[in-house]
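Thanks for making time for this today. I would like to walk through one structure with you, going from a single residue out to the sheet and then to the cysteines and the charged pairs.

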Amino acid sequence: MPDGFEAREKWPFECLRCLYVWEEDFVVRHLTDVHGNEVEIWLSSGVSVQPPWSGTCCPHCGAYHVTSFPSGYLARHPELVPDPAPEPAPVFAPAAGQPGRMSAPRTNLPGRLLVALGVPLAMFVGYELYANTVAVAHHH
């Protein structure tokens with residue numbers, strides 16, 4: 001007859017790709033058979049799973065490049081846990097009988113993309129202008 005006990009463990013993780021932080025609850029069954037062999041069975045939601053340190057997948061982006069924190073780490077560092085997603089703002093329709101139209105929500109320009117493309121382009125043009133000015137000034 002195998003002998004053993006169960007323990008509940010909460011493992012905090014962080015995805016090294018998208019920096020998403022989350023926790024998972026596990027039940028660990030520690031069993032010892034009649035020959036003295038010890039084995040651990042990891043359960044998540046009642047289903048047998050691999051140990052948390054082997055092959056954990058990010059639920060946010062699907063990457064397998066994940067690290068774990070020491071147990072209780074996120075409880076001591078709540079700033080690492082992402083805030084819940086904000087609820088969408090209610091859309092108000094004009095009252096019946098009032099003229100008006102619904103306007104589509106404005107989309108923001110992709111500012112980072114514009115900066116990523118604009119800064120190198122501006123530097124290239126500036127360098128070319130400088131190089132041509134120096135070449136004309138130091139004509140041999």
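Let me start with T56, which is placed in the loop between β4 and β5, and please keep in mind throughout that what we are looking at is a predicted model. Is T56 buried or exposed? With a relative accessibility of 13%, T56 counts as buried, because the limit for that class is under 20%. Its side chain has a polar atom that lies 2.5 Å from the backbone oxygen of P52. If we leave aside residues up to four places away in sequence, T56 touches F13, W22, E24, A63, Y64 and V66. Of these contacts, F13 falls within the residue range 3-15 of β1, while W22 and E24 fall within the range 21-32 of β2, and V66 belongs to the range 66-68 of β5.

That brings me to the sheet itself. Five strands make up an open sheet in the order β4-β3-β2-β1-β5, and the pairing is antiparallel. Which strands are at the edges? They are β4, residues 47-49, and β5, residues 66-68, each of which pairs on one side only. On average, and with direction ignored, neighbouring strands of this sheet are turned by 45° against each other.

Going through the pairs one at a time, I begin with β1, residues 3-15, and β2, residues 21-32, which are joined in the antiparallel sense over twelve bridges. Within that pairing, R29 in β2 is the bridge partner of E6, and I will return to those two residues when we reach the charged side chains. The hairpin of β1 and β2 has five residues between the strands, and L19 there takes a positive phi near 65°.

The next pair is β2 and β3, which also run antiparallel and are joined by six bridges. Here T32 has E38 in β3 as its bridge partner. These two strands form a hairpin as well, with five residues between them, and in its turn G36 has a positive phi of about 90°.

Finally, β3, which covers residues 38-44, pairs with β4 in the antiparallel sense over three bridges. In that pairing L43 stands opposite S48 in β4.

Now to the cysteines, where I would ask you to look at the distances with some care. How many disulfides are there under the distance rule? The count comes to zero. C18 is in no disulfide, and the nearest cysteine sulfur, which belongs to C61, is 3.7 Å away. C58 is likewise in no disulfide, its nearest cysteine sulfur being that of C18 at 3.8 Å. The rule asks for a pair of cysteine sulfur atoms within 2.5 Å, so neither the 3.7 Å of C18 to C61 nor the 3.8 Å of C58 to C18 meets that cut-off. As for their surroundings, C18 is partly exposed, with a relative accessible area of 29%, whereas C58 is buried, with a relative accessible area of 3%.

The last topic is the charged side chains, and the structure holds three salt bridges. One of them is formed by the side chains of E6 and R29, with an N to O distance of 2.7 Å. This pair links distant parts of the chain, since E6 is in strand β1 and R29 in strand β2, 23 residues apart. E6 and R29 are thus partners twice over, in the bridge between the strands and in the salt bridge between the side chains. E6 is partly exposed at a relative accessible area of 49%, and R29 counts as partly exposed at 35%.

What does K10 pair with? K10, E23 and D25 are linked in a network of salt bridges. The side chains of K10 and E23 meet at 3.9 Å, N to O, and because K10 lies in strand β1 and E23 in strand β2, the pair ties together parts that are 13 residues apart in sequence. The side chains of K10 and D25 meet at 3.8 Å, N to O, and since D25 also lies in strand β2, this pair ties together parts that are 15 residues apart in sequence. Within the network, K10 is partly exposed, with a relative accessible area of 41%, and E23 is partly exposed, with 37%, whereas D25 is exposed, with 52%.

Note on methods:
Residues numbered from 1 in each chain as written. Predicted model: local features only at pLDDT ≥ 70, side-chain atom pairs only at ≥ 80, totals over all residues. Heavy atoms only, no water. Pairing = 2+ DSSP bridges. Helix = DSSP H or I, 4+ residues; strand = E, 2+ residues; numbered from the N terminus. Axes fitted to C-alpha atoms, helices over the stretch in contact; angles between N-to-C directions. Buried < 20%, exposed > 50% of the residue type's maximum accessible area, 1.4 Å probe, protein only. Polar contact = N/O pair within 3.5 Å; in protein donor to acceptor, adjacent residues only side chain to side chain. Contact = heavy atoms within 4.5 Å. Salt bridge = Lys/Arg side-chain N within 4 Å of Asp/Glu carboxyl O.
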